[in-house]
Every structure is written in C-alpha cells, then in structure tokens.
Protein chains: 2
Amino acid sequence: MSRKRFGDMNCGIGQALEVLGDWWTLLIVRDAFFGVRRFGEFQASLGIAKNILSARLEHLVEHGVLSRSDIGSEGERFEYRLTSKGDALLPVLTSLREWSDEWVFGRGHEPLIVRDRVTGRRIPKLRLTDADGRALSRRDLRMEAGPGASRETIRRLQPTSR
Amino acid sequence: MSRKRFGDMNCGIGQALEVLGDWWTLLIVRDAFFGVRRFGEFQASLGIAKNILSARLEHLVEHGVLSRSDIGSEGERFEYRLTSKGDALLPVLTSLREWSDEWVFGRGHEPLIVRDRVTGRRIPKLRLTDADGRALSRRDLRMEAGPGASRETIRRLQPTSR
DNA sequence: TTATTGGGTAGCGTAACGCAACCAAAAATT
DNA sequence: AATTTTTGGTTGCGTTACGCTACCCAATAA
C-alpha cells in the first residue's frame with residue numbers, strides 16, 4: 001500500500017509535512033538558506049543520491065518553495081533559488097535549530113551562531129508571546145476552529161479541556 | 001542500504017530531524033499538544049498503523065520528547081505525555097502551522113485559530129527580530145561557527161558571501 | 001577535438017511503511 | 001466467577017521509498 005499522505009488533512013502541520021516532510025527535504029531547504037543553488041552543490045554538501053535529490057528538488061519546485069531557472073547560455077544549466085514562499089520558512093528552520101541547540105547539543109555546544117549582520121548581536125530566540133510581548137506556553141493557549149475548518153477539525157476541538 | 005541518518009550531522013536541523021524527521025512523528029507530537037495521551041487515542045485520531053505508532057512512540061520516548069507512565073492499577077495501561085523537551089517544540093509546531101496558514105491555505109482559510117486563553121486575543125505570528133524587536137529576514141543574518149562546530153561546519157562557513 | 005563538468009535516468013537491492021491477523025492483560029459486564 | 005470488551009501492542013506479508021552504482025547526453029573547458 002502506498003504511504004499515507006497528509007495533504008488532505010485539515011491541519012497546518014499536515015499540510016506543511018506534505019511539502020516538507022520527506023526525508024532530506026528540509027535539509028535541502030536549509031542548504032538553500034545557506035546560499036546553495038546548484039544541483040551539484042546540494043549533492044556534494046548533503047551526500048544525497050542524485051535521483052533522490054532530483055525528485056526532492058522537483059517536488060519543492062512544484063510546491064513553490066524553490067524556483068528553477070536556466071542559467072546556461074543555451075539551456076541545461078540550472079539554478080534553484082528560494083521563492084518568497086521558501087523564504088518564509090525561516091522561522092521553521094530557526095525554531096528547529098534553536099530547539100536542538102538547547103535540547104540536543106546543549107547550551108554552549110551549538111555548532112552555529114546566528115547574528116545580526118549589522119550590529120553583530122545574537123538573534124533572540126523565537127518564542128510565543130501575547131500582543132504585549134509576554135511569553136506564553138502551551139497552557140496559555142486556546143484553539144478554536146478557523147474559517148477553513150472542516151467538520152473533522154471542529155469535532156476535534158469540542159472536548160473542552162486541553 | 002540503510003537509510004541515511006542525520007544524527008551525526010553537525011547541524012541543528014539534522015539533529016532535530018533525527019528525532020522528529022520520520023513520517024508521522026510530528027503529527028504525533030501535534031496530537032500530544034492537543035492533549036492526546038493514550039495509544040488508542042493517537043491511533044484513532046491519526047489513522048496510523050499500530051506497529052508504526054508503537055515504533056514512533058518508543059522513538060519519541062527514547063529521545064525524551066514524550067514520557068511513558070503507567071496508569072493501570074497493576075501495569076499495562078500507559079499514558080504518553082510531553083516532557084519539557086517536548087513542550088519546547090511549541091515554536092516548531094507554531095511556525096509550521098503559521099507557514100501553511102499563510103502559504104498553503106491562504107489568509108482567511110486557516111483551519112485553526114490560536115488565542116490567548118485569558119485575553120482571547122490572537123497570538124502574534126512568530127518572527128525573527130533583532131534585540132530591539134525589529135523584524136529580520138534571511139539577508140540580515142550572519143552565521144558563524146559556534147563552540148560545538150566541527151571542522152566540516154567551519155569549512156562550510158568560509159565562502160564569505162551568503 | 002577531446003576531456004571534464006553539470007544534471008540528470010535506469011536498474012537493482014534493502015529498509016521503511018501499511019495492513020490485517022493475532023494475542024495477552026486489564027477492565028467492564030453479566 | 002465467568003465472559004466479553006478494550007487496550008496496547010506483536011507478527012508476517014506485501015508494497016513503496018530510498019541508497020548505490022552505473023550509465024548518459026549537453027555544455028563548457030582545454
């Protein structure tokens with residue numbers, strides 16, 4: 001049987017995973033954030049099989065995360081670049097990195113430090129806040145059905161207590 | 001050949017994917033954030049095969065994202081709950097949801113709205129800012145090797161321009 | 001003109017995953 | 001107390017995804 005797909009799920013996480021959930025995909029996006037653009041660069045950087053890389057790049061282009069443009073004088077030389085949809089993944093990559101910096105590597109063992117290019121100061125960690133900037137945790141949140149909610153989603157939200 | 005693993009990668013994204021990257025895993029975590037705790041609840045909610053669910057729960061427990069505790073009067077009834085390491089994934093789930101709200105569903109078609117439990121106001125979107133709260137984009141950032149950087153990582157950061 | 005690099009396909013083997021069947025302990029029901 | 005149902009799995013089998021190697025053609029470099 002085919003692997004179950006999440007695209008029909010009425011849930012942002014499911015939709016995001018439909019685009020980004022395959023093994024390797026997010027690392028390709030990360031490399032794109034690092035400035036990688038060419039097929040061969042991705043391949044060398046990641047050590048991924050070429051057929052898989054090919055499929056992933058195509059998938060990301062189809063979903064509008066990367067664009068593929070021809071840079072050869074007459075075809076056959078391509079560049080993959082982040083679209084604005086791809087650029088918008090910055091908070092996703094950042095939250096993943098910050099999570100493992102803290103919970104996998106541990107403070108003081110980060111492999112990478114990100115700074116403001118101009119001031120040189122470190123970027124404050126992403127966190128959920130209320131409109132006044134106060135930090136919020138899971139317990140402070142309430143979910144409710146949005147305009148695009150399916151009956152499924154609405155039902156799931158009924159059981160009052162979270 | 002075995003699927004390539006990312007655990008030895010000197011990169012936060014790779015480490016995070018080692019824990020969360022498998023198909024289904026993040027949806028299980030999402031359900032846990034929604035308050036799901038029992039094996040059967042996860043199964044019914046996700047429609048996942050039981051052996052896969054079993055493997056994923058075990059994996060998440062091993063990596064300290066969920067804890068498994070016995071709630072039967074004498075064994076054999078379990079509850080899976082988020083640990084603080086799991087709780088710390090809130091920004092990851094949130095950024096993924098916000099990304100697909102904007103780029104997949106589109107504004108006005110969000111299936112889910114998250115509010116402050118007390119004030120009822122919507123939670124502002126996660127964004128990268130500098131220390132003064134000004135929004136930053138990819139172009140405003142500079143990466144440098146951290147204390148835990150491998151030679152590999154350092155080499156990757158050399159090619160000055162990003 | 002030949003060699004090399006870029007960007008792939010094709011074919012094969014293995015690992016991951018989906019499904020259905022089965023199972024034992026705990027809890028509920030009679 | 002005996003039976004049934006629920007819970008939380010495990011096992012086996014088939015299919016799909018993925019990794020590796022080998023090949024290939026067009027564009028560029030020598």
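1. Let me start with E152(B), which is exposed in this predicted model. Only a residue with 12 or fewer other C-beta atoms within 10 Å earns that label, and E152(B) has 12 of them. You will find E152(B) in helix 7 of chain B, the stretch covering residues 151–157. If you want a partner to look at from there, try N10(B): the two are 142 residues apart in sequence, yet their C-alpha atoms are 7.8 Å apart in space.

2. F6(A) makes a nice counterpoint, and it sits in the segment before helix 1 of chain A. F6(A) is buried, with 20 other C-beta atoms within 10 Å; the cut-off for buried is 20 or more. Which residues does F6(A) touch, once neighbours within four places in sequence are set aside? They are G14(A), L17(A), E18(A) and G21(A). R122(A) is another matter: from F6(A) to R122(A) is 116 residues in sequence and 36 Å between C-alpha atoms.

3. Next, please have a look at W24(A), in the loop between helix 1 and helix 2 of chain A. Its phi is positive, near 90 degrees, and W24(A) is not a glycine. W24(A) counts as buried because it has 20 C-beta neighbours inside 10 Å. In chain B, W24(B) occupies the loop between helix 1 and helix 2 of that chain. W24(B) also has a positive phi, about 90 degrees, without being a glycine. W24(B) counts as buried too, with 20 C-beta neighbours inside 10 Å.

4. That loop leads us to helix 2. Is helix 2 of chain A enclosed or open? Eight of its nine residues are buried, so helix 2 of chain A is largely enclosed by the rest of the structure. The buried residues are T25(A), L26(A), L27(A), I28(A), V29(A), R30(A), A32(A) and F33(A). After helix 2 of chain A comes G35(A), with a positive phi near 105 degrees.

5. Helix 2 of chain B can be checked in the same spirit. It is mostly covered, with eight of its nine residues buried. Those residues are T25(B), L26(B), L27(B), I28(B), V29(B), R30(B), A32(B) and F33(B). G35(B) follows helix 2 of chain B, and the phi of G35(B) is positive, near 105 degrees.

6. Back in chain A, how do helix 2 (residues 25–33) and helix 3 (residues 39–46) cross? Their axes come within 11 Å and cross at roughly 115 degrees, and the crossing is right-handed. On the helix 2 side the contact involves L27(A), I28(A) and D31(A), which meet F42(A), S45(A) and L46(A) of helix 3. Sorted by class, this contact has four nonpolar residues, one polar and one charged.

7. Now for the two chains together. How many residues of chain A are in contact with chain B? The count is 71 residues of chain A, meeting 71 residues of chain B. Helix 1 (12–20), helix 2, helix 5 (84–87), helix 6, strand 3 (112–116) and strand 4 (141–145) of chain A each supply at least two residues to this side. Helix 6 of chain A gives the most, with 15 residues. By class, the side of chain A that touches chain B divides into 35 nonpolar, 17 polar and 19 charged residues.

8. Helix 6 of chain A (residues 90–105) deserves a closer look where it packs on helix 1 of chain B (residues 12–20). The angle is about 80 degrees and the axes are 8 Å apart. The two helices are therefore roughly perpendicular to each other. From helix 6 of chain A come L93(A), L96(A), R97(A), W99(A), S100(A), D101(A), V104(A) and F105(A). They meet G12(B), I13(B), Q15(B) and A16(B) in helix 1 of chain B. Seven nonpolar, three polar and two charged residues make up this contact.

9. Finally, the symmetry. Chain A can be laid on chain B with an RMSD of 0.0 Å by a turn of 180 degrees and a shift of 0.0 Å along the axis. The two copies are thus related as by a two-fold rotation axis. In chain A, V92(A) has the C-alpha nearest that axis, 3.0 Å from it. The same surface serves both copies, as 100% of the contact residues of chain A recur in chain B.

Notes
Residues are numbered from 1 along each chain as its sequence is written. Chains are lettered from A and ligands numbered from 1 in the order in which they are written. This is a predicted model: local features need pLDDT of at least 70, side-chain atom pairs count only at pLDDT 80 or more; totals for chains, interfaces and linings use all residues. Axes are lines fitted to C-alpha atoms, for helices over the stretch in contact, and angles run from 0 to 180 degrees between N-to-C directions. Helices (H or I, at least four residues) and strands (E, at least two) are DSSP runs, numbered from the N terminus. A crossing is left-handed if the near helix is turned anticlockwise from the far one by less than a right angle, and right-handed if clockwise. Two residues are in contact if their C-beta atoms, placed from the backbone, lie within 7 Å. Ala, Val, Leu, Ile, Met, Phe, Trp, Tyr, Cys and Pro count as nonpolar, Asp, Glu, Lys and Arg as charged, and the others, Gly among them, as polar. Copies are superposed by least squares on the C-alpha atoms of residues with pLDDT of at least 70 in both. Angles under 35 degrees count as roughly parallel, over 145 as roughly antiparallel, 65 to 115 as roughly perpendicular and the rest as oblique.
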